[in-house]
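I sat down today to look up the aromatic pairs in this structure, and one helix besides. Here are my notes, in the order I took them.

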Amino acid sequence: MSGRNRVLITGIGVVSPLGNREDFWRRLVAGETATRRLVPEARDREFWPQNSSGAAAVESESLPGTFQAQSRGELVPLLAEPTIAYALAATLEAVADARLELDSAGRLAANRQRVGCVIGTSKGGVRTLHELMLAERGRATPVLKEKVDAGNWWPMIAPSGPASAVSSLLGTEGPLLSPVAACATGLMSLVRAAELIQSGVCDVVVAGSSDASLSPAIVASFRKLGVLSKCHDEPESAIRPFDKDRDGFFVGEGAGVFVLESEDHARQRGAKPYAEWLAGGMVADTFAMTKLSDNPEALSWLISDVLRRSKLAPGDIDYLSLHGTATRMNDVCEMRAVNRSFGNARHQLAGSSIKGAIGHLLGAAGSVEFAAMLLTLRDGMLPPTANLQNPEDEFEINLVPKESQQRSVDHAMKLSLGFGGHLVSAAVRRC
C-alpha cells in the first residue's frame, strides 16, 4: 500500500428482504429469515415453472415511491425497474449515513469531477424485459406502458442503468462504471472503486450493486441448473449453507451501496469511518461456466494474495464473510480453499454465510453481504449461518451456526464467487 491513498468506508446503504440497513442488521443477528413461498401474480402464473419453490423479495416499505433524477428533472417511478429503484434507495441511505454535504438541488456539493460512481448489476433489468414481453400480449402495467409508449425503456434494461441513475441523482462527474461479474459483481464493484481512490483519480466513490431477478426466465434457468432448493414446504428454513443436507438456494433481491473516501478527504470533513479498505483482488476459475473446480487452487491463491497485500497473517482475520450458496459442490470448494489458505489458523477463525436468511441476491449478494461484514466490525456481533444443523466434517472453522455470536472483530475478509469463473476477495480493518 506504500505510495497509494488510503481508503476509508464512511457510509452504508442497504435494501434487502430483511429491510434497510438497521432493520436488516437487527433482524439478521436475531436469526430471522426472509425466504417465503413464491406466489406469482395471476397475470404471470403461466410463465413460471411449476413448483418454482421460494424466494426472498424486498418489502415495498423499504423504498420511497419516486426518486428525482436531478440532472434531467425526471421522476423515476418505483415500478419502472426495481434494479434501479433498489440502487437509488440504497444510495440515498449510504449518502445520508456518510453525511456527505448536498446542495440545494439535492446533489453532492463536493468537487463532483473528483466523485466517481461504480454500481454493478449481474444482468440488467430483467423485470422490465418481462414486462416488455407482457406488453406485447397486452398485459403491461400502466407504468411500463407509459415507458414503452415514450420509447425510453432502454435505460431500464441496460446493465448500466443503475449506475447511470445513481450518477444522475447525485450529479457525479467523475468515472462512471457498471461492472458485470455474475454473483461476484458487488464485491468487484468495491474493488474497482477502491482502486480509483488509491490511484488518486477520485476523492470519493459511491459504489455497490443492485439486483432484481425474480423473473420467470431467471428462476426457470436456475431451476434447470439444479441449484435451487427443493424444500418447498418449509421455505423459511430451506437454504442451509455448509449443512450436510443442503440442496441449493432461493433467489433474493436487493442492493448494497457504500461511500468510499480517501483518508485525507474523510478526515478533512470529520467523517466517522466504519473501516479501512486494506486490499482487494480478482482471479478467474476457468474450470466451467457454472461450476467451481474441485481443486481450490485459484481461490486459495487469491485469499493468500489479499492477505499478503493487506500485510496480514492468516491468524489476523477475525471474521470471514463467506459466499456460501448452499449448493453441494460450491460450499465444498470454498471451504477447501479456506482450509488451505488459513492452515492451522482456521481453528480460531469464524465465518458465516447469510444467504440462509436473505436468499441469494445474485449481483447484489457481494455488496449486501459486505454491508453485514462492516456492521459486524461496528457492533462485534457475528451474524449466524441460518439453518445450519449438521456441518460437513471437513468444514473446520466456526461457522456461527443458527445463532449470532458476540466477538470483537478488528480484521475481516469477504469472499464472492460468480458463474463464469469470477472470484473476488477483499480485506478490511475496523477504524
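The entries below go through ring pairs and then a helix.

Entry one. I kept in mind that this is a predicted model. My search of the whole structure turned up five aromatic pairs. I started with Phe242 and Phe395: the ring centres are 5.6 Å apart and the planes stand at 90°, so I noted the pair as edge-to-face.

Entry two. Where do Phe242 and Phe395 lie? I found Phe242 in the loop between α8 (216-225) and β10 (251-252), and Phe395 in the loop between β15 (381-382) and β16 (405-406). The pair therefore ties together parts that are 153 residues apart in sequence. I then asked whether these rings are buried or exposed. Phe242 is buried, at a relative accessible area of 0%, and Phe395 is buried too, at 5%.

Entry three. Next I looked at Phe258 and Phe370, an edge-to-face pair with 5.3 Å from centre to centre and 90° between the planes. Phe258 sits in strand β11 (residues 254-262) and Phe370 in helix α13 (residues 365-379), so to speak distant parts of the chain, 112 residues apart. Both Phe258 and Phe370 are buried.

Entry four. I also wrote down a cluster: ring pairs link Phe222, Phe249 and Phe419.

Entry five. Last, I turned to helix α3 (residues 126-136) and asked which residues are buried there. My list has Val126, Thr128, His130, Glu131, Leu132 and Leu134. After α3 comes Gly138, and I noted its positive phi, near 75°.

Methods
Residues are numbered from 1 along each chain as its sequence is written. This is a predicted model: local features need pLDDT of at least 70, side-chain atom pairs count only at pLDDT 80 or more; totals for chains, interfaces and linings use all residues. Side-chain values use heavy atoms; hydrogens and water are left out. Rings of Phe, Tyr and Trp (its six-membered ring) pair if their centres lie within 6.5 Å; planes under 30 degrees apart count as stacked, over 60 as edge-to-face and the rest as tilted. Helices (H or I, at least four residues) and strands (E, at least two) are DSSP runs, numbered from the N terminus. Buried means under 20% relative accessible area, exposed over 50%, partly exposed in between (1.4 Å probe, protein chains only).
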